[in-house]
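Colleague: I would like to learn how to read a protein model step by step, beginning with a single feature and working outwards. Could you guide me?

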Amino acid sequence: MSKKENNPYLLVLTDNNGKGDEFEVLDIISFHENEYFVLYPVNSNGDTVVILQCEDLSNGDCEYIGVNDPLILEAVFALFKERNKDMFMK
């Protein structure tokens, strides 16, 4: 993961094969003592977001982990929608 220096709201996430994808950080949600990043793929024209859990590393960086629990995904997305209803919901 790296942050774009000219835009702190953009992240480049790199997969195990070294392929990087750019995401816009829409929000950071705290839920059950964890932080979840709600991300939008920059090269997408759809309405799908990606939710990843931030696991703090000893050096202060964050490792982004996929969320497999559908209940957590639903809860985090519901919090996101409520917090951002004026911005995203029409």
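**Reading the model**

Modeller: Let us begin with a turn, keeping in mind that this is a predicted model. Strands 3 and 4 make a hairpin that leaves two residues between them, and H32, which sits in that turn, has a positive phi of about 50 degrees.

Colleague: In which sense do strand 3 and strand 4 pair, and over how many bridges?

Modeller: The pairing of strand 3, residues 20–31, with strand 4, residues 34–41, is antiparallel and extends over eight bridges. As one example to find on the screen, E24 has Y40 of strand 4 as its bridge partner.

Colleague: Which strand do five bridges join to strand 4?

Modeller: That is strand 5, residues 50–56, which runs antiparallel to strand 4. Here you can look for E35, which stands opposite C54 in strand 5.

Colleague: In what order do the elements of the protein chain run from the N terminus on?

Modeller: The order is β-β-β-β-β-β-α-α, so that, counted by kind, the chain has six strands and two helices.

Colleague: How should I go about looking for empty space, and what volume does the largest pocket have?

Modeller: The general idea is that a probe the size of a water molecule, rolled over the atoms, shows where empty space is left. In this model the largest pocket holds about 190 Å³ of space. Ten residues line this largest pocket, and those closest to its centre are L13, T14, D15, L52 and Y64.

Colleague: Which strand gives the most to the lining of the largest pocket, and what classes of residue does the lining have?

Modeller: Strand 6 gives the most, with three residues, while strand 2 (7–14) and strand 6 (62–66) are each a source of at least two. Sorted by class, the lining has four nonpolar residues, four charged ones and two polar ones.

Colleague: Let us turn to a residue in a helix. Is R83 buried or exposed?

Modeller: R83 belongs to helix 1, residues 70–83. Because a residue counts as exposed when its relative accessible area is over 50%, R83, at 52% relative accessibility, is exposed.

Colleague: Which residues does R83 touch, once those up to four places away in sequence are set aside?

Modeller: R83 touches D27, I28 and I29. Although R83 and D27 are 56 residues apart along the chain, their C-alpha atoms are separated by 9.0 Å.

Colleague: And what share of the residues in the protein chain is buried?

Modeller: Of the 90 residues in the protein chain, 28% are buried.

Note on methods. Residues are numbered from 1 along each chain as its sequence is written. This is a predicted model: local features need pLDDT of at least 70, side-chain atom pairs count only at pLDDT 80 or more; totals for chains, interfaces and linings use all residues. Side-chain values use heavy atoms; hydrogens and water are left out. Helices (H or I, at least four residues) and strands (E, at least two) are DSSP runs, numbered from the N terminus. Buried means under 20% relative accessible area, exposed over 50%, partly exposed in between (1.4 Å probe, protein chains only). Two strands pair if DSSP finds at least two bridges between them. On a 1 Å grid over the protein atoms alone, a cavity is a set of points where a 1.4 Å probe fits but cannot get out, and a pocket is an open set with protein on both sides within 12 Å along at least five of seven lines; lining residues have an atom within 4 Å of a point. Grid points are joined across faces, edges and corners, and a volume is the space filled by probe spheres set on the points. Ala, Val, Leu, Ile, Met, Phe, Trp, Tyr, Cys and Pro count as nonpolar, Asp, Glu, Lys and Arg as charged, and the others, Gly among them, as polar. Contact means heavy atoms within 4.5 Å.
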